[in-house]
There are 2 protein chains.
Amino acid sequence: MAPRSPKPLGPSLSRNGRPGSVTIKHVAQEAGVSVATVSRVLNEKGPVRETTRNRIREVAERLRYAPHGAARSLITNKTSTIGVLLPDIYGEFFSELIRGIDRASRQREYHLLVSSSHGDRRELEAVLRATRGRVDGLIVMSPDLDTQTLQANLPETLPVVLLNCRSDGAWFDSITIDNHGGAHAMVRHLVELGHRRIALVKGPAGNFDASERQRGYRDALRELPGGWSEELEFDGDFSEEGGYLAGTRILQLADRPTAVFSANDGMAIGVLLAVRDAGLRVPEDISVAGFDDIPISRFTVPPLSSVRVPIADLGAQAITRLLHTIDMENRHDRLRVTLGTTPVLRQSCAPPRLDERRARGTAPTGESIRTNNPPTAVGGRSTAGGPQTASEPTAGGSKRTGSGKELSGSPRRRGP
Amino acid sequence: MAPRSPKPLGPSLSRNGRPGSVTIKHVAQEAGVSVATVSRVLNEKGPVRETTRNRIREVAERLRYAPHGAARSLITNKTSTIGVLLPDIYGEFFSELIRGIDRASRQREYHLLVSSSHGDRRELEAVLRATRGRVDGLIVMSPDLDTQTLQANLPETLPVVLLNCRSDGAWFDSITIDNHGGAHAMVRHLVELGHRRIALVKGPAGNFDASERQRGYRDALRELPGGWSEELEFDGDFSEEGGYLAGTRILQLADRPTAVFSANDGMAIGVLLAVRDAGLRVPEDISVAGFDDIPISRFTVPPLSSVRVPIADLGAQAITRLLHTIDMENRHDRLRVTLGTTPVLRQSCAPPRLDERRARGTAPTGESIRTNNPPTAVGGRSTAGGPQTASEPTAGGSKRTGSGKELSGSPRRRGP
DNA sequence: GGGAACGATGTAAACGTTTACACTAAATTC
DNA sequence: GAATTTAGTGTAAACGTTTACATCGTTCCC
């Protein structure tokens, strides 16, 4: 590629004519030392005389020298980059996750090589192979993919953390959110409110999160005499549209359910819409609960009960673990962590109507409809502990003179 | 670092003992050819005998060889990676943008090095320098940052596309969305509905998008006899909370505005909430419009009028331009593109009450409150053309028997 | 049959770093 | 004052590729 040429390199002009790429050689030449010394100064390794050091620093600064990443990682075998493989689309969840990962990695001076969509398997393989020599580790989240492909296409030495995947038999580290526990707790809560006929809006088939949440739903209902029934489970695809469709179908059931648990918030919002379009009210006529607690859920009408997921934690922990593995050269044993999820109760859930409860014989424990819960702090993250009551702005039932003071949550800037 | 050792390298064990990293040498040795030949086969350059080629391919496959990215880019001076620098937090907008960029770049077999937050200037500088030898080009979006720092810390040869930045005097390419035009058109629409007293919820000070939208708002009002007035402009920060606060203050005005234009949808949702909490109704008592048309805006109550922004386009165009610049080695002239934005009308805007209009003397053109617009296709993206009527599911005013059939828009999966 | 042209392959230089090792001169130790 | 450490620096190998050039057979064309 490069023509063979004599030694003398122009002061800040590399041989191939493109200016601007000043190398360590230029710095060395300009400072009148060898490249080794420059390298030593810049990496603060080995002893260098004070005066020399200053001179080199000054020259480097003046020439705007920045080491060539590829060259460096070629020899050090470190890229200070970690790869992030994400499923096709993840909306709110996605951006929050990236944010968590980014923050944690920046702190440790690592870069992020992100790949957000990998449709078919061949594409995934291509991406995987392409990562060689580009990343020091990999964070993979692909709830509808098999880990086989991963295992086959990655060098065994590459540290990998699986996020929220079914990690069947794979020897990767994995960090998961407690989908099952969260769903179970939320449905359990609905049951405690007095609901017996609770519909489910499922997530996409084959999706790990979706199936775990379904499992949680079923297990919660299994504790009741009636158990669960397939006819109360409706297909969905994690989209608002899908939720709307499912909601519409649910409302057409002869014996209408008194509550709907949706496998994510997006679909739950679709259900809310369907209920409204059918001329019914939430939660008076039917309760609705979601999963994920995306930011907007506090602002739906009525505010949506949901299951809070520690998304940012998920990312941060993945990074921590990954970098730890990278540091300890030797492979330690496989990690499996499950992060707790927390039900957050808002106004979209209430006890079923009195008459319905009477008809079913579930004893009422208080007045018919709970409106405004007293603000209570949301803390902890245990799944085991029962659901908690949210302290966020409640725009629920009817009039409240909101002062705005109650607005809580981290002041995240969104938009533009 | 590596100990000097004799030539013979184990069949698939690199010298430093870490297995798994099989190099081109291993392949060459195994296939009984020189590395040059292997390289030629794998890159499909130069003539190689059919049989040799097959043998090499087979060996490479068997050994799971993947070229070392860093080594390759060291010599080719191409990384097939482009860097993406984003502002701290961008929620929906952010993920959509990444998605657009990712899709476009993957198609061209480019990787993405993402850096989403760069707080202070020193941090940004560090990130910028770190990109040397890691990326072939840069996409930068930082609506509240000066381009000076960029210019100072990047090699002149690096292709850069600025997204939605004030590109004062910089010689970078820049692609911008028509913030001014969109805001202008939306406010203009409110005016045509009969509104005269229109409040603004501003974005964060110093933010480019925010200030442009404010300018659009002012320019639209300037066309009226009254003009604009500072006392109708309220501080915001692009968050729902900020919108709620601003909304509350707006409603407390003695002479209450009949409409509110918010610099983004998040704040507009906050305003919706504030109105509801004050016991008033949208759009009967007050109209509300936002900006960005984030997915959720179709599902608020009532559905929010907003300005659609071609986010994915923004990303895709940036990539296209960038790669084009990379291909053409020589620098052509600076590009400045503005992408049109499209007002999308939903149920959150209606003519002001009859009595109010009479009091102000603005002639009513029809009946008092427009409820359901006939579904019309949303197309094109011209800002110049007037606002368009949305065809999305309307959950507005009161009961509608939604069939779900009207649900349109791309079937984006969200969640989980 | 003697080049010329070409096809197939190997050799080795480069890319920009880091770092083991060699070397010198000064400082320390005995 | 000699021996030994130590600080400061240079030399050159290595990292894993790509590719210009050299080499060696063939085949082709008069």
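In this predicted model, A:Asn77 counts as partly exposed, because its relative accessibility is 34% and the partly exposed class lies between 20% and 50%. A:Asn77 sits in the loop of chain A that runs between α4 (69-76) and β1 (81-85). Its phi is near 65°, a positive value in a residue that is not glycine. Most residues other than glycine have a negative phi.

A second positive phi, near 60°, occurs at A:Glu109, again a residue other than glycine. A:Glu109 belongs to the loop between α5 (91-107) and β2 (111-115) of chain A. With a relative accessibility of 66%, A:Glu109 counts as exposed, since that class begins over 50%.

The backbone also contains cis peptide bonds. In chain A, such a bond joins A:Val301 and A:Pro302, with omega about -10°; A:Pro302 lies in the loop between β9 (287-289) and β10 (306-308) of that chain. In chain B, the bond from B:Val301 to B:Pro302 is likewise cis, with omega near -10°, and B:Pro302 is located in the loop between β9 (287-289) and β10 (306-308) of chain B. Most peptide bonds are trans.

Attention may now turn to the interior. The largest nonpolar core comprises 94 residues, and those with the most contacts inside it are A:Leu163, A:Ile198, A:Phe261, B:Leu163, B:Ile198 and B:Phe261. When neighbours within four places in sequence are set aside, B:Ile198 is in contact with B:Val187, B:Leu190, B:Val191, B:Tyr217, B:Leu221, B:Leu232, B:Ala259 and B:Phe261. Another core, of 32 residues, lies apart from the largest one and includes A:Leu128, A:Leu138, A:Cys165 and B:Leu85.

Notes
Residues numbered from 1 in each chain as written. Chains lettered and ligands numbered in written order. Predicted model: local features only at pLDDT ≥ 70, side-chain atom pairs only at ≥ 80, totals over all residues. Heavy atoms only, no water. Core = buried A, V, L, I, M, F, W, Y, C linked by side-chain atoms within 4.5 Å. Buried < 20%, exposed > 50% of the residue type's maximum accessible area, 1.4 Å probe, protein only. Contact = heavy atoms within 4.5 Å. Helix = DSSP H or I, 4+ residues; strand = E, 2+ residues; numbered from the N terminus.
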